[in-house]
Every structure is written in C-alpha cells, then in structure tokens.
Amino acid sequence: MVKTYTRGLWNGRLILSYTLLVCLSIVIFSPFVVIIVKSFGKGWFGKLWLPPTLTLDWYKWAVNVARLPEVMKNTIIVVAMAVAMSTIVGIFSGWAFGRRHIPGKEVLMSMILLPRMIPPITYALGIARIFYGLNLVNTHFGIALAHVTLCAPYAILVMSATFEGLDERMLEAASVCGANPLRTFFHVTLPQIMPGILSSMIFTFTTSYNEFTLTLMTYGPDTLTLPIRTYLAVGEGYWEVTSAMSVIMVLPSLLILFLIQRQVKPEQLVGGFKGL
Amino acid sequence: MKKLFTILFVLAVVAASSFAAPKEIVFMDSQSGANFQQWFQTIALPAAEEFLGVKIKYVVGSDAEIIERMKAWKTGQGDITVLFPKSLALFIKTNQVKLDTLTTAKIPNMAKIDPDLQVSTEGIPVANKGAAYWWSTYALIYNSDLVKNPPKSWQEFYDRRAEWKGHIGFIRPDAKSSGGWRQPFAFLNAFCDFSKKFDPQAADFQDAWAKLKDFYTYCQLPLAAEPTNAFENFNAGDTWITVYAMDYSLWSARQGTMPPSTKAMFLTPGIDAGGQAYLVVPDNIPVENKYIAYKLINYLLSDDQQSRMVSTMWQYNSTLINDKVPGIVWEQIPRIEVAKKAAIPPERVNADAITYIKKNAVGIIP
Amino acid sequence: MRFLPSRRREGLTTLLLLLPGFAVFFGLFVYPFIITIIQSLRPEGETTGWTLEYYGSFLSSAHGQQVIGLTFFLAIATTLLSVLLSVPLALILRRKIRGHRFFRAVPLIPLVIPGLIGALGLLLVFGSRGWFNLFLRDVLPFIHGPVAVDYTITGLTLFYVWLYFPYTLLTTLSTLEGLDPGIEEAAQVSGANPWKVLRHVVLPLIMPGILSGSVLTFMNAFGAFSIPLVAGGNYRPLSVDVYKQIQLFVPAHWSQACSIAVIMGVMQVAFLTFYMRVLRGRKVR
C-alpha cells in the first residue's frame with residue numbers, strides 16, 4: 001500500500017514539482033502584488049479580495065505630503081557616494097588580492113566579510129557615536145560612509161575575482177604589439193574588467209539603496225532615504241500611502257534584478273563563500 | 001563726502017539685511033499624525049510663508065532624537081526655530097534643553113488662548129514654555145454599521161461589554177502611543193476618584209482595577225500593539241468600537257482610509273483627559289530666528305487660522321473664538337463646550353495614577 | 001621609492017593598495033565595535049568609570065534570557081525550515097524543466113528587495129483580512145478562520161524563511177549542479193533505486209553546499225532587524241531590543257543598548273566559529 005503510494009508519488013513527481021514551484025512563486029510574489037493593489041485601492045474595508053475603487057490619491061500624497069521626490073534625491077545622492085567610494089576601495093583592494101602576493105590572503109578575505117556577517121546593529125551604535133562626535137550625522141556623506149562598511153566587502157570580493165581572472169597573456173601580447181601602458185589599459189584591461197566593475201557596482205547599489213539599519217542610526221531630518229521614509233510611514237499607519245511609497249521604492253531594485261539574472265551567476269549574489 | 005556717505009549707506013543696508021530675517025527657518029514637528037502633517041505642509045505653513053515672507057522648512061521628527069539634537073547645539077546656534085513636540089512635558093523635564101518663555105508681549109495672540117490650556121500638561125506646569133495650538137480629545141470611535149446603539153457612559157460600556165465581546169479595540173498599555181495609558185485611565189476614572197491622592201491599595205481603585213482586568217478580556221485579543229494595528233482591525237471589521245483621537249478618526253474617514261460609517265461620540269463621566277499641543281521656541285537659537293518664531297506662532301494663533309483648523313481638521317482650537325467658527329462645523333463634531341464637559345477635569349488628571357498605569361497595566365492584560 | 005629593493009617596493013605597493021580597504025575595515029567596523037564595547041562598560045551617561053552591571057542585569061533577567069532565547073529560536077527554526085525547503089527545490093530546479101529560468105529567478109527576489117518591504121507585503125497578505133485568510137474562507141472553509149499569522153511567532157518565522165531561504169537554496173543548487181553526473185549514474189547502474197541514490201550519494205555530496213548556505217541563512221536570521229521591528233509585534237529579538245533601548249527612553253540607554261549589542265555580536269562570532277569548525281571537520285572526512 002505504501003509502496004504503491006510512493007510509486008504513485010514518484011511517477012507524479014513532475015506534477016508535484018510544478019505544484020511546489022507554483023506555490024512558491026505565489027508566496028514570493030503575493031506580497032508585492034498586494035502592495036501594488038493596496039497602493040491603488042480606495043475603500044478597501046471589511047473582508048474583500050479587491051478594493052472597490054481605484055485611485056491615485058496615495059501616490060499624490062506620497063509626492064505632496066511625504067515629499068517623496070526629495071527623499072528620492074537624498075537616496076540617490078547617498079547611494080551614488082556609497083557606490084563610488086566602495087568601487088574605488090574595491091578596485092584597489094581587489095587588485096592587491098587578485099594579483100599580488102599577500103601572506104594569509106584567505107584569512108584576510110574572510111575577515112573582510114565580517115561586517116556583513118556580524119549584525120549591523122551591533123556596530124551601528126558605535127558608528128552613531130563616532131558620527132555624532134564628528135558632526136557626520138544627518139549628512140549625505142556620513143550615511144554613505146556608513147553604507148560603505150557594508151558595500152565594500154562585496155566590492156572587494158568581486159573585484160579580486162575579476163582581477164584574478166585577468167588574462168596576463170593578452171596584456172603581454174598588447175605590449176609586444178607595441179602598445180604603451182595607457183593604451184593597454186584602455187583597450188585591453190578595461191574591457192576585461194568592465195563586467196566585474198559593473199557587477200560590483202550593481203551589488204553595491206542594491207546594498208546601499210536598500211540599507212536600513214545603518215541609515216536608521218545615522219540619518220537626520222534632512223537626509224531621509226527611501227527605506228527610512230517608508231518605515232516612518234508604517235508608524236504613521238497609512239498603509240495605503242506606505243504601499244505607494246514601497247512601490248516607488250522597489251521599482252529600481254526589481255529592474256536591477258531583471259538585469260542581473262541574465263548576467264550573473266546566483267552564487268556570486270550569495271557573497272562568494274569560497275573556502276568553506 | 002557724498003561718496004563716503006553712499007558707501008556707508010550701502011554698507012549699512014548690507015549689514016542690516018544680513019542681520020535681518022533669515023531666509024529659511026525650520027519647523028520641527030513630532031506631534032502630528034499623518035493628518036496634521038498634511039495640514040502643515042499643504043495649508044498652514046504655505047499660508048504662513050506668504051504672510052511672513054520667510055521660507056519655512058517643515059520637518060518631521062521624534063521627541064527622543066530632537067532632544068539629542070538640541071543637547072548637541074552650540075550656544076545660540078540651534079537650528080530649530082519652532083518646535084511642535086509630542087510631549088512638552090518631556091522637554092520641560094529634561095534639564096539639558098531650555099525653552100524660551102513665551103509671553104503676550106512677544107506673542108500678542110497668546111492672550112486669546114483659553115487659560116485652562118496653559119496651566120499644565122501631563123501633570124507638569126506649563127509655565128508659558130509653550131503656546132497651546134490645539135486641544136484634542138479622544139472619543140468613542142465606532143463603526144455605525146456594526147454598532148447600532150453605542151453606549152453613552154463607561155458604566156454602560158462596561159455593563160454591556162458582552163454585546164461586543166471580541167470586538168472592542170483597546171491598545172496595549174505599553175504602546176508608544178499615549179493611547180496606551182489614556183484608554184485605561186479614562187476607564188478607571190469612571191470607577192474611582194482620582195482627585196484624591198493616589199493610593200493603589202484604596203478599595204475603590206482595587207475595584208476599578210479588577211473591572212479593568214475583566215474588561216480587557218472582552219477586547220479583541222491579542223491587544224493591538226499600536227494604534228495602527230487597532231485601525232487595521234477596525235478597517236477589517238474585526239474591531240467595531242474603540243477609543244481614540246477624534247480628529248484623526250473623523251479625518252481618516254473622510255480621507256477614505258477608514259470606513260465612511262465611522263462615527264465619534266463621548267462617554268460620561270469623562271472619555272479622556274484631553275490634550276493640548278503646544279508650539280514651542282527653543283531658547284538656544286539665534287535672536288533673529290526667535291523674532292520670526294514669535295511672528296509665526298502669532299499667525300497660527302490668529303482667528304482666521306484657528307477657525308480654518310477647526311473646519312478643516314475637526315480639531316479643537318486653543319483660542320477662544322468659538323463664535324467665529326462656521327456653524328456647519330458643529331454639525332460634524334460636538335461643540336467645544338460639550339467636549340470640554342466630556343473631558344476628565346484637570347484636578348482628576350492624576351500624574352501618579354498615570355505613572356502607575358504605565359508601569360502596571362501590562363501585568364493585567366490577558 | 002626607487003632605492004628600495006624591488007621586493008620591498010612590491011610589498012609597499014601592496015600595502016598602499018590595501019590601505020583604503022583596511023581604512024574602511026578598521027575605521028568603520030573595528031573601531032565602532034570597540035566604541036560599542038567601551039560604551040557598554042560605562043555607566044549610563046558618564047564618560048568615566050567601568051561597570052559590568054548592564055551585562056549582568058541583561059543576562060540574568062528573565063527578559064534578557066527570553067530575548068536571547070527568542071533570537072536563537074527564530075534563527076534555528078528559520079535555518080531548519082530553509083534547508084527542508086531548499087533541498088527539494090534544488091533537486092527540482094536542476095532539471096531543465098519547462099520554465100526553469102523563470103522559477104530560478106523567483107528565489108532571487110527576496111534577496112534584492114529590502115526586508116522592510118517584504119515584511120509589509122507579508123503582513124498584508126497574512127493579515128486577518130489578507131488574501132491568505134480570504135483564501136481559507138472561500139476555498140478551504142473547513143479550516144476555522146481567520147487564522148492569525150501576523151504578529152505570531154509562527155508567522156514571524158514564516159516571514160524569516162521567506163526572506164532568508166534563498167541563501168540556502170542558491171548554494172545548494174550550485175553545489176548540486178557542480179556534481180559530477182557520472183557519480184549518480186554509477187550508483188544507479190549498480191542497482192540503487194532513485195531514493196537510495198539520493199540519500200546515500202547525492203545528499204552527502206552536497207552537504208557542504210547546504211551547510212554553507214544555511215550559515216548565511218542563520219546569520220541573517222539572527223541579526224534580522226527591520227523585519228521584527230515592523231512585523232514582530234510583541235516579539236522583540238536582540239536587534240530590536242537594542243534599538244528600543246535608545247528609541248523609547250529619554251535620555252537614551254546607550255550603555256544598555258551597547259551591552260546587548262556586544263552580547264549579540266559575541267554570540268554571532270561564537271556560532272560562526274563553531275560552524276566553521278564543523279564544516280572543516282566534514283571536509284577533512
């Protein structure tokens with residue numbers, strides 16, 4: 001009896017697989033769908049599947065009262081700074097790790113990941129104290145700097161992998177053909193490392209854009225970012241407006257997701273836990 | 001000689017203009033819910049900007065971070081010109097922050113404020129450290145589709161509690177919102193005498209406390225952690241009847257974020273202590289900013305502005321201008337005299353009792 | 001620099017290249033952590049004097065132990081459930097069934113959206129009038145609803161799994177795909193049925209992948225902040241407790257907050273070291 005049952009399960013495994021996958025997809029997507037619906041719905045009271053009327057009121061509120069464009073501007077400034085700083089750190093350190101001899105490289109690489117592994121709230125307090133003393137709280141630069149703590153490890157990892165994979169022979173070939181170092185750099189090296197730089201920038205962008213904990217400890221009224229503003233909106237209790245803000249906030253991330261799922265291998269997203 | 005005078009004149013003008021009104025001031029708000037954030041940003045402050053000729057930057061914050069910020073100010077360099085705190089009492093109690101004392105000499109319209117509102121806040125004397133901007137009260141908020149015959153007194157509410165078992169929306173007493181203590185305080189006030197010195201062992205308080213404990217079991221459980229959760233339950237139709245800020249609830253109903261059948265009424269002997277919100281000027285700011293602050297507060301206390309606030313936001317004015325408010329407003333909300341009578345009188349707002357509730361009510365929730 | 005021996009020069013250049021990275025690491029991580037530790041040992045509001053009272057009071061109080069227990073419970077439950085979910089999913093996804101590209105992208109979504117928004121959406125879906133309960137009401141009415149998911153411990157765990165299972169899934173999947181198909185074929189040719197192949201051949205081989213992914217899931221679940229802040233209700237794990245110390249009290253309880261933060265960090269590091277040992281042990285075998 002059990003055998004026929006298990007045999008039946010085995011034979012129907014394709015259907016079961018699809019059921020599992022579809023259920024998973026529903027569970028993953030439904031929070032977003034409901035947020036989208038909520039952001040456009042009006043009068044959604046009681047226990048209904050869908051709101052009875054649609055409206056753009058909540059988006060108007062988000063723009064006019066919550067001043068989302070200003071918040072967007074703050075977010076972009078912070079993210080741009082964080083990405084720039086992290087990429088520079090990543091390029092320098094990545095070159096060192098990828099092409100130079102460093103004793104204890106493996107240990108150092110694991111150490112670099114520590115800020116991502118230790119809960120940010122633990123050192124965010126220290127960062128807040130330091131920044132208060134340096135008057136860096138409520139500045140775009142301060143928040144970006146805090147973000148670099150989380151973004152730099154990613155950037156370093158990706159760039160060191162990129163530089164490691166740089167093909168020496170092409171560089172040699174270029175110089176044999178008579179190219180000076182500058183030309184070699186622009187025409188040979190750069191195209192090779194560009195995917196790595198782009199990949200690193202995408203990761204750091206996503207990390208900084210979505211970063212909440214460190215921002216919460218270093219922000220001020222002049223430097224509200226999207227995650228913080230959305231969180232404050234939750235406290236205000238207007239789920240409709242919160243949903244509208246969330247939709248606006250999530251669009252760039254989903255766009256990035258669409259871009260990266262074609263280019264990048266999934267395990268790189270996970271942070272490259274090599275050596276384990 | 002003429003040249004010299006011209007130069008001196010130009011220099012004087014430049015000096016005067018640089019000493020004159022700053023281009024932008026900051027209005028920091030930790031009191032307003034979403035409704036009043038909209039009010040300030042889209043109606044009140046733009047009108048003030050036009051009137052004063054100064055740009056006003058509206059910023060939302062929380063008391064805790066504002067206090068930290070103010071503590072870090074260098075002398076005379078504070079960057080908040082006008083403050084609208086959630087709890088003036090907290091700022092008065094905190095030693096390291098100083099508030100400017102406001103007088104009718106600085107702000108003439110302060111003379112129009114109802115004197116009752118300038119006495120004390122949360123049991124702490126105001127001492128003119130703030131100018132009352134509005135007076136708000138909680139009310140019994142109910143969904144008129146689901147509650148056809150709401151109670152008129154706390155006693156009736158308690159007696160008929162079985163009728164609404166599981167549908168009464170009370171918040172956890174340890175919620176961040178002041179609703180956490182206001183609800184049980186109003187309940188207890190109906191069953192014992194808070195005008196006497198508070199004694200947790202007194203027989204009448206013990207009785208009231210036991211009633212409260214029993215009442216909690218008839219609320220929708222688990223108790224909502226914050227008002228936002230209570231409103232979510234209200235909107236879902238799970239909670240039918242709750243006690244919360246009247247202005248917020250009615251305004252939300254008209255906004256479409258609460259059911260249109262939402263209505264408000266008062267319970268005897270007192271639905272709420274009622275609360276004033278105060279406009280405050282920090283002491284440690286540049287002098288020229290203080291002048292602007294006084295003018296701004298004066299503007300907000302003007303008859304026209306106060307009247308506008310009542311009619312738009314269903315929030316009670318702090319100044320005595322009731323005869324100037326259009327009659328139609330009083331068809332939507334009870335007259336302020338009625339509301340005041342329904343409020344718990346100041347002599348019964350017992351600070352010790354409130355502290356006791358804040359500490360111990362968590363222990364009796366189911 | 002030209003007069004230095006070339007090896008020295010190499011070393012110096014390397015050092016210079018590493019300088020920005022070290023500056024970030026030490027200035028923005030190590031130093032703040034030290035500050036946190038120092039603050040945790042000072043009496044509240046003072047700048048001198050040492051005390052261990054905040055550690056003592058937290059670790060010995062019922063509240064503190066409850067919070068620590070809650071945090072561990074959430075992290076462990078999330079990790080276990082993630083593994084249980086990830087292994088079958090990985091086995092399914094490695095076959096190139098129709099639509100596998102789409103289904104592979106689906107688990108990436110919780111990774112790229114901020115946890116806050118995921119939490120909001122989940123709260124709405126699983127609320128008392130959310131689609132989950134409406135589904136139960138209309139499609140499965142024999143289940144007496146509404147089922148409370150939001151703000152319950154089960155619900156919170158579910159939210160955690162939703163957010164953090166992709167880590168386990170992705171590493172499991174990539175390890176699975178890295179397996180030499182010849183091994184499985186050999187096992188099957190030797191007469192083992194598919195279940196035996198799975199249990200005795202495949203699973204042991206992909207165990208490192210599962211474990212390394214589950215470490216990430218555990219660590220993220222242990223340190224989760226925005227989700228329990230918004231969706232935790234009365235359940236406050238360590239991270240939220242830290243935040244409440246400085247947010248709810250005026251003046252803020254910096255020392256208490258820092259002590260809890262240090263406890264949290266130490267536990268995380270301890271767990272990580274232990275886990276790495278276990279993994280290394282497996283590798284040697």
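**Exercise 1. Identify the residue that stands opposite Tyr142(B) in E9(B), and then place strand E7 of chain B among its partners.**

Solution. The model is a predicted one.

Step 1. In E9(B), the residue opposite Tyr142(B) is Ile241(B).

Step 2. Strand E9 of chain B covers residues 241-245 and is joined to E7(B) by five bridges, the two strands running antiparallel.

Step 3. Tyr142(B) also stands opposite Lys263(B), in E10(B). Strand E10 (residues 262-265) of chain B pairs with E7(B) over four bridges, in the antiparallel sense.

Step 4. The burial of strand E7 (residues 138-143) of chain B can now be considered. A residue counts as buried if 20 or more other C-beta atoms lie within 10 Å of its own. Six of the six residues of E7(B) are buried, so the strand is largely enclosed by the rest of the structure.

**Exercise 2. Determine the strand order of the open sheet of three strands in chain B, and state which strands stand at its edges.**

Solution.

Step 1. The order is E2-E1-E3, with parallel pairing.

Step 2. Strands E2 (55-60) and E3 (82-84) of chain B each have a single partner strand, so one side of each is left without a neighbour in the sheet; these two are the edge strands.

Step 3. From one strand to the next, the twist averages 20°.

Step 4. Between strand E1 (residues 24-29) of chain B and E2(B) there are six parallel bridges. Within this pairing, Val26(B) has Lys57(B) of E2(B) as its bridge partner.

Step 5. The sheet is packed against by helix H2 (residues 34-52) of chain B, which touches E1 and E2 of chain B. The direction of this helix makes about 165° with that of E2(B).

**Exercise 3. Decide whether chain A is a compact globule or more spread out, and describe its contact with chain C.**

Solution.

Step 1. Chain A contains 14 helices and two strands. Its radius of gyration is 24 Å, whereas the globule rule gives 19 Å for 276 residues; the value is well over the rule, so chain A is more spread out than a compact globule.

Step 2. Along the principal axes, the C-alpha atoms of chain A fill a box of roughly 75 × 70 × 35 Å. Of its 276 residues, 44% count as buried.

Step 3. The contact between the chains draws 66 residues from chain A and 67 residues from chain C. On the chain A side, helix H2 (residues 13-40) gives the most, with 13 residues. The residues of that side comprise 45 nonpolar, 16 polar and five charged.

Key:
Residues are numbered from 1 along each chain as its sequence is written. Chains are lettered from A and ligands numbered from 1 in the order in which they are written. This is a predicted model: local features need pLDDT of at least 70, side-chain atom pairs count only at pLDDT 80 or more; totals for chains, interfaces and linings use all residues. Two residues are in contact if their C-beta atoms, placed from the backbone, lie within 7 Å. Ala, Val, Leu, Ile, Met, Phe, Trp, Tyr, Cys and Pro count as nonpolar, Asp, Glu, Lys and Arg as charged, and the others, Gly among them, as polar. The radius of gyration is taken over C-alpha atoms; the globule rule is 2.2 Å times the number of residues to the power 0.38. A residue is buried if 20 or more other C-beta atoms lie within 10 Å of its own, exposed if 12 or fewer, and partly exposed in between; C-beta atoms are placed from the backbone. Two strands pair if DSSP finds at least two bridges between them. Axes are lines fitted to C-alpha atoms, for helices over the stretch in contact, and angles run from 0 to 180 degrees between N-to-C directions.
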